[in-house]
Amino acid sequence: MPSASEATALLSAGAVRARCAIVSKAVRRGETRYFRLFSDRLDEAARRVVDVTRRRYPDLAVPYHSRWRHFSTGGFDRSALIAPGADLTETARARIDLAIVSVLLDAGAGPRWRYHEVETGQVLSRSEGLAVASLRAMQTGLFSADPGTPWRADAEALALITPESLARPFQHAAGNELVGFEGRALLLRRLGEVCVRSAALFGVPARLGRLYDHWSAGDQPLSAQEVLGTLLNAFGAIWPGRISLAGVPLGDCGRHPAAPDDGLVPFHKLCQWLAYSLIEPLEAGGLRVVELDGLTGLAEYRNGGLFLDCGVIAPRDPYLLQYPLDALSEPVVEWRALTVTLLDELAVLVRLGKSADDFPLVKVLEGGSWAAGREIAFERRRDGSSPLAVVSDGTLF
């Protein structure tokens, strides 16, 4: 009978890295059902990532891979709009409010959805569109129970979010459907509910940005793993229909027969993406965040698609790529596990002469692997879709 401590051990980036490595080793030995690994093709993927990185950041001053890159899409720095006139502490809270809501809404928009930003005239899609839509929604006060303070996300307002209230600011309508739309609204309602139950983290009345106060209470640097651990434990109950072990909700976690004992393989993609996206607000608020490489690469369709499209990973049966797969199915778990492991190997090849401290994995992703995955996807498929189709409920990736 598994214990709660065994379940909690899976709520860490270390567990993600270790379990994904076990699955990846099984693939290398030819013991798995769905994919083969061609490590000699990793150099070609690395060359592509280096080329993209140099093109996007010629001075090699690569920022973190985080939600904040999307807020400045189209050359307009929308982050400057946040909480005008607020002091450093309140600005940090507001930026954390926005980052959490925006990242949790960033779980794949689908190839057809578009967001028309009235203020700039830009028409945006995918992650950039979701980012800007969430920022503009917060600007109107959608996530705040206080009409006079729109730049916040508090539990009272989040618990009242419905598909209908989310539809207008996200321009979800017939012909412009946002994939997994109802799942996103449910996620925000659950988010509000768990915040109310965690006063030590979110205060009274509960607000997401109060995490800044929690993390700033100590006098030591804050590790990225500590940030992630707080998020995983705080938000574990918000994910619908996920695996639990010994009563502990495991969030973004699947099963694979190559994994030991319970067969569980955690990924925690959205929470790790969120942890990466909180570094900048925390640093701007005066906190020092360290040990960034304690987190893993993100097991999602751009990074994973890069390895498939470059031939580093190849399906044993080509028909696997022809049909949509459940996000928690064995082939998707196998693909995602390989993605995490290969991103660590890729990072060594694309650091451009810099040390791991100067060029951590979060910069490799930004430089980087995510953009290269998108670029090659559009080269191979007109709509830029993933080489492996995954059915999304709007809450995974």
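# Exercises on a predicted model

At 0% relative accessibility, E117 counts as buried. The structure is a predicted model, and the exercises below begin with this residue.

**Exercise 1. Determine with which residue E117 forms a salt bridge, and where the two partners lie.**

Solution.
Step 1. The partner of E117 is R136, and the closest N and O atoms of the two are 2.8 Å apart. A salt bridge requires a side-chain nitrogen of Lys or Arg within 4 Å of a carboxyl oxygen of Asp or Glu.
Step 2. E117 belongs to the loop between β2 (114-116) and β3 (123-125), while R136 belongs to helix α6; the pair links distant parts of the chain, 19 residues apart.
Step 3. R136 has a relative accessibility of 6% and therefore counts as buried. The cut-off for buried is under 20% relative accessible area.

**Exercise 2. Decide whether D344 and R17, which form a salt bridge, are buried, partly exposed or exposed.**

Solution.
Step 1. The closest N and O atoms of D344 and R17 are 2.8 Å apart.
Step 2. D344 is in helix α15 (residues 330-349) and R17 is in helix α2 (residues 13-28), so the salt bridge ties together parts that are 327 residues apart in sequence.
Step 3. The relative accessibility of D344 is 25%, so D344 counts as partly exposed. With a relative accessible area of 24%, R17 is likewise partly exposed.

**Exercise 3. State how many salt bridges a search of the whole structure finds, and describe the one between D309 and R381.**

Solution.
Step 1. The search finds 25 salt bridges. As general background, side chains of opposite charge can pair when their charged atoms come close.
Step 2. In the pair D309 and R381, the distance from N to O is 2.7 Å.
Step 3. D309 is part of helix α14 (residues 301-309), and R381 is part of the loop between α16 and β12 (390-391), so this salt bridge ties together parts that are 72 residues apart in sequence.
Step 4. D309 and R381 are both buried.
Step 5. Elsewhere, E90, R93, D97, R207, R210 and D213 are joined into one network by salt bridges that share partners.

**Exercise 4. Explain why α14 is described as largely enclosed by the rest of the structure.**

Solution.
Step 1. Of the 9 residues of α14, 9 are buried, so the helix is largely enclosed by the rest of the structure. Among them are Y301, N303, L306 and F307.
Step 2. The buried residues of α14 pack against β1 (35-37), α3 (42-56), α6, β10 (313-315), α15 and α16.
Step 3. Both ends of the helix can then be examined. At the start of α14, a side-chain oxygen of E300 comes to within 3.0 Å of the backbone nitrogen of R302. After α14 comes G311, with a positive phi near 80°.

**Exercise 5. Classify the arrangement of helices α6 and α16 from the angle at which their axes cross, and identify residues that meet.**

Solution.
Step 1. Helix α6 (residues 126-139) and helix α16 (residues 361-380) have axes that come within 12 Å and cross at roughly 125°.
Step 2. This angle makes α6 oblique to α16.
Step 3. On the α6 side, R126, S127 and E128 take part; they meet W370, R374 and F378 of α16.
Step 4. The residues of this contact divide into 2 nonpolar, 1 polar and 3 charged.

**Exercise 6. Identify what is noteworthy about the backbone at R126, H268, P205 and G368.**

Solution.
Step 1. The general rule is that most residues other than glycine have a negative phi, and most peptide bonds are trans.
Step 2. R126, which is not a glycine, has a positive phi of about 50°. R126 is found in helix α6, and its relative accessibility of 8% means that it counts as buried.
Step 3. H268 also has a positive phi, near 55°. H268 is located in the loop between β8 (264-266) and α13, and at 2% relative accessibility it counts as buried.
Step 4. The peptide bond from V204 to P205 is cis, with omega near -5°; P205 is in the loop between α10 (199-202) and α11 (211-216).
Step 5. The peptide bond from G367 to G368 is cis as well, with omega near -20°, and G368 is found in helix α16.

Technical notes: Residues are numbered from 1 along each chain as its sequence is written. This is a predicted model: local features need pLDDT of at least 70, side-chain atom pairs count only at pLDDT 80 or more; totals for chains, interfaces and linings use all residues. Side-chain values use heavy atoms; hydrogens and water are left out. Axes are lines fitted to C-alpha atoms, for helices over the stretch in contact, and angles run from 0 to 180 degrees between N-to-C directions. Helices (H or I, at least four residues) and strands (E, at least two) are DSSP runs, numbered from the N terminus. Angles under 35 degrees count as roughly parallel, over 145 as roughly antiparallel, 65 to 115 as roughly perpendicular and the rest as oblique. Contact means heavy atoms within 4.5 Å. Ala, Val, Leu, Ile, Met, Phe, Trp, Tyr, Cys and Pro count as nonpolar, Asp, Glu, Lys and Arg as charged, and the others, Gly among them, as polar. Buried means under 20% relative accessible area, exposed over 50%, partly exposed in between (1.4 Å probe, protein chains only). A polar contact is a pair of N or O atoms within 3.5 Å; within protein, one must be able to donate a hydrogen and the other to accept it, and residues adjacent in sequence count only if both atoms are side-chain atoms.
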